[in-house]
Amino acid sequence: MKKSVVELNDEFSSAIYPLKGEFRNKYHIEVPNGLINDPNGLSYNKGEYNIFFQWNPYTCEHKYKHWGYIKTKDFIRYKKPKIMLAPDSVIDKDGCYSGTGKFIDDKLNIFYTGNVKNNGERIPHQNIAIFDENDMLIKKKPLIVGIPDGYTEHLRDPFYININGVYCMILGAQNKSLKGRVVMYISKDMNTWDFYGEINTKLDDFGYMWECPNLININGYDALIFSPQGLEKHEFKYQNLYQSGYILGHYNFENNTFMHNSFYELDYGFDFYAPQVFKDNNRIIMIGWLGMPEDNIEKESPTLKNNYIYTLTMPRVLKVENGRIKQSPLEEIKLLRDKEILENKNMICERHEVNIKNRCLEINLELEVFADFKYILEFKKEKIILEYKSLDNILILDFTNLNKGKNGVRKVKMPDNKLRSIQMFLDVSTLEIFINDGEITMTSSFFAESRDVNLRISSDKEFKLNSYRVWNMRGFIYE
Ligand code: FRU
């Protein structure tokens, strides 16, 4: 028997934070139990950030998708996670799937996909729910039911935008030739929605489904961010099961066409998918799902013994520079810095090593390297290695020396620049790496056993550490 929203929230309000479990993160969002995936409904109003996410509050399987909710003013103190939408009505009975949030006249409107399956046939519903005075989300009549001609039942993840006064909704889609697409619906009054067509791009044959589209202007450039499925693996790209990335250029609403350059991935680690972006007063902020739905790996996650799995990435600020999106950790994250445990400046070394009795760290290096270079996180016998091959300008994230969780390597060719800086956020079981001020990011979960970490640097030639700083990190506070 499934529980009501009220029953679930009663249960979750009594959860005691920090939550118990060997691999519980300190400064990444954690829920008492179940599976979380995509960030949803990201929105900002009057100093408050709303973060929703896909949450199965019962088991660690991709079933019973609800919308979880946390709220924060500073990205440090959070309201305890609770459930805001449950798949408890005919318009969403097989899952309250992903979508976006938008403040319209100071009221938070939630656009989401109601997954409905009748006798094996999937009938996507694009739904709206609006916050009432008591901060409850009230579901309204669905905005769009079914699929437009030429497309399959895979139509989901509404992203709402207002273009020149027209209400627009873009959706991840698959056409009848089983190719991934983004389509748009428009409305003048929020009640009647007309199919406006497909956003024309140059990516005709680019995977079988595009999930979670976002359309946003980032310092003068239009960006279409989406998560394509079904791209063929290459040595330096598309190495995970599914991808997330973007095209940049100019979107023309009149002819629904996006003039753009190449598709670039947003992250090159093992666990990053279905990101969503939103604006606050002056920033474009992105949060991703820190996960990847690989069946066999999911089933072996060491967190399952505590009946939970996955988290979200740290929020990142996006900017466009030299034709690419650059990501930097939100300024507020600096407030999580606790004691500074290492501060070195202007050193020339052949190697460097420091042992730290904690593994919630921010590591910040500005450096010059003249040969192959390795930054190694040693957890007793287990290791994570970030290797830089200077001649070819290649970065390799090597997880082959870990016993549990993700294994293997992820490789990326850096855009023209040499390695200049490495910033790492190490939490109990997540690692987020920002290279060259966020030109490249690599995000992963990891499950090394040791709580201490040895940070070791080695290179084939002397290297210069212009600055090398390490801080202990504090955990979030849940209220
Ligand atoms: C992406 C996704 C979305 C869908 C949701 C369901 O991870 O598959 O397309 O709405 O997850 O949880």
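Me: What makes β13 and β14 a pair of strands in this model?
Reply: In this predicted model, six bridges join β13 to β14 (residues 166-174), and the two run antiparallel. Pairing requires at least two bridges, so β13 and β14 count as paired. Within this pair, R156 stands opposite G172 in β14.

Me: Why are β13 and β16 said to stand at the edges of the sheet?
Reply: The open sheet has four strands in the order β13-β14-β15-β16, with antiparallel pairing. β13 (156-163) and β16 (194-198) each have a single partner strand, so one side of each has no neighbour in the sheet. Neighbouring strands here are turned by 30° against each other on average, direction ignored.

Me: Why is C168 not counted in a disulfide?
Reply: A disulfide needs two cysteine sulfur atoms within 2.5 Å. The closest cysteine sulfur to that of C168 is in C212, 19 Å away, which is too far for a bond. The count of disulfides is zero.

Me: Why is C168 called buried?
Reply: Buried means under 20% relative accessible area. C168 has 0%, so the term applies. C360, with 2%, is buried by the same cut-off.

Me: How do you know that Q54 makes a polar contact with the ligand?
Reply: The cut-off is 3.5 Å between N or O atoms. A polar side-chain atom of Q54 lies 2.6 Å from a ligand oxygen atom, so the pair qualifies. For D38 the corresponding distance is 2.8 Å, and for the side chain of N37 it is 3.0 Å. The protein covers 90% of the 320 Å² of accessible area that the ligand has on its own.

Notes: Residues numbered from 1 in each chain as written. Predicted model: local features only at pLDDT ≥ 70, side-chain atom pairs only at ≥ 80, totals over all residues. Heavy atoms only, no water. Buried < 20%, exposed > 50% of the residue type's maximum accessible area, 1.4 Å probe, protein only. Axes fitted to C-alpha atoms, helices over the stretch in contact; angles between N-to-C directions. Polar contact = N/O pair within 3.5 Å; in protein donor to acceptor, adjacent residues only side chain to side chain. Areas by Shrake-Rupley, 256 points an atom, 1.4 Å probe, with all protein chains shown as cover.
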